[in-house]
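Colleague: I should be grateful for a close look at a single part of this structure, together with an account of how that part relates to its surroundings.

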Amino acid sequence: MLLLALDTATPAVTVALHDGTDVIASSSQVDARRHGELLLPAVDRVLTEAGLALDAVTGIVVGTGPGPYTGLRVGLMTADTFGLALGVPVHGVCTLDGLAYAADLEGPFVVATDARRKEVYWARYADSRTRVTGPAVDRPADIAAQVADLPAVGAGALLYPDVFPRAHEPEHVSAAALASLAARRLAAGEELPAPRPLYLRRPDAQVPKNYKVVTPK
């Protein structure tokens, strides 16, 4: 097994290689405006570090969000392209699940990432591998009662300390965690979901209401 994992659902552009036992190479850069520019060089960098060619990859793992439309689709389209070119399966993993796995907290906790517009993408977990609610997108104040007194990880939790007073690292997801979680699930015989984006809300660009179609007479 050689999994190539990548995620662009958060400001982090993150890539990793996993051989079924361990992460053998990884790269992460935080830049919310350069996902498309940074992703492919990061893939090349981890392959070079591992001393492997792209055609050695046997599966692709991609973070499915939730996340902003523009950044999220960069990773998903790249993963689909690699899968088609190599003839290998493409597995989707919820980005919040990757953060939860990396946090490795005991007992119930929350993962929250920055959804902009003064909102967070969030989910609640029973442990580092078991999501019990979400993912959802809400204003932090609207979920304060649901997350009260729970540890929380992610940029969203760090951004709103009044709602998430027990915030912990990591701030952003890592492809190393996504790959490790996917490898564990695959080894257990679990079927990973298709790489479908979790946008959770409509894009900013919409067709205006009462739009008038002008056609020649």
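The reply below begins with one strand and then follows the chain outwards from it.

Modeller: The model is a predicted one, and every value given here is computed from it. I take strand S4, residues 59-63, as the part to examine, and then turn to the elements that come after it.

Strand S4 is mostly covered, with five of its five residues buried. In a regular strand the side chains alternate between the two faces of the sheet. In S4 both faces are covered: on one side Gly59, Val61 and Gly63 are buried, and on the other side Ile60 and Val62 are buried as well.

Strand S4 has paired neighbours. Strand S1, residues 3-7, pairs with S4 in the parallel sense, and four bridges join them. Within this pairing, Leu4 stands opposite Ile60 of S4. Strand S5, residues 90-93, is also paired with S4 in the parallel sense, again over four bridges. Here Val62 has Gly92 of S5 as its bridge partner. To pass from S4 to S5 the chain goes through helix H2, residues 69-86, and the resulting β-α-β crossover is right-handed. Ile60 and Val62, which have just been named as bridge residues opposite Leu4 and Gly92, are the two residues that make up one of the buried sides of S4.

Next comes helix H3, residues 95-103. Eight of its nine residues are buried, so the helix is largely enclosed by the rest of the structure. The buried residues are Thr95, Leu96, Asp97, Gly98, Leu99, Ala100, Tyr101 and Ala103. Asp104 follows H3 and has a positive phi, near 55°.

An antiparallel arrangement of strands can be described in turn. Strand S6, residues 109-116, and strand S7, residues 119-127, pair in the antiparallel sense over seven bridges. Thr113 stands opposite Tyr121 in S7. The hairpin of S6 and S7 has two residues between the strands, and Arg117 in this hairpin takes a positive phi near 55°. Strand S7 is joined in turn to strand S8, residues 130-138, by six bridges, and these two strands run antiparallel. They too form a hairpin, with two residues between them. Across this second pairing, the bridge partner of Tyr125 is Arg131 in S8.

Arg131 leads back to the enclosed helix. It forms a salt bridge with Asp97, in which the closest N and O atoms are 2.8 Å apart. Arg131 lies in strand S8 and Asp97 in helix H3, so this pair ties together parts that are 34 residues apart in sequence. The two partners differ in accessibility. Asp97 has a relative accessibility of 5% and therefore counts as buried, the cut-off being under 20%. Arg131, at 32% relative accessibility, counts as partly exposed.

The structure holds four salt bridges. Two others involve Arg34. The side chains of Asp31 and Arg34 meet at 3.4 Å, N to O, and those of Glu37 and Arg34 meet at 2.7 Å, N to O. Asp31, Arg34 and Glu37 are thereby linked in a network of salt bridges. Asp31 counts as partly exposed because its relative accessibility is 21%, and Arg34 is partly exposed with a relative accessible area of 32%.

Finally, the wider division of the chain may be set beside these details. The domain assignment of the protein chain gives domain 1 as 3-95 + 172-188 and domain 2 as 105-168. Their centres, taken over C-alpha atoms, are separated by 24 Å. Ten residues from domain 1 and seven residues from domain 2 take part in the contact. A separate description comes from the UniProt record, an unreviewed entry, in which the annotation "domain: Gcp-like" covers residues 32-144. Over that span the end C-alpha atoms lie 27 Å apart, and the composition is 39% helix and 31% strand.

Technical notes: Residues numbered from 1 in each chain as written. Predicted model: local features only at pLDDT ≥ 70, side-chain atom pairs only at ≥ 80, totals over all residues. Heavy atoms only, no water. Buried < 20%, exposed > 50% of the residue type's maximum accessible area, 1.4 Å probe, protein only. Pairing = 2+ DSSP bridges. Right-handed = clockwise from strand over helix to strand, strands pointing away. UniProt positions renumbered as here; feature names shortened; annotations may be inferred. Domains from an automatic or database assignment. Contact = heavy atoms within 4.5 Å.
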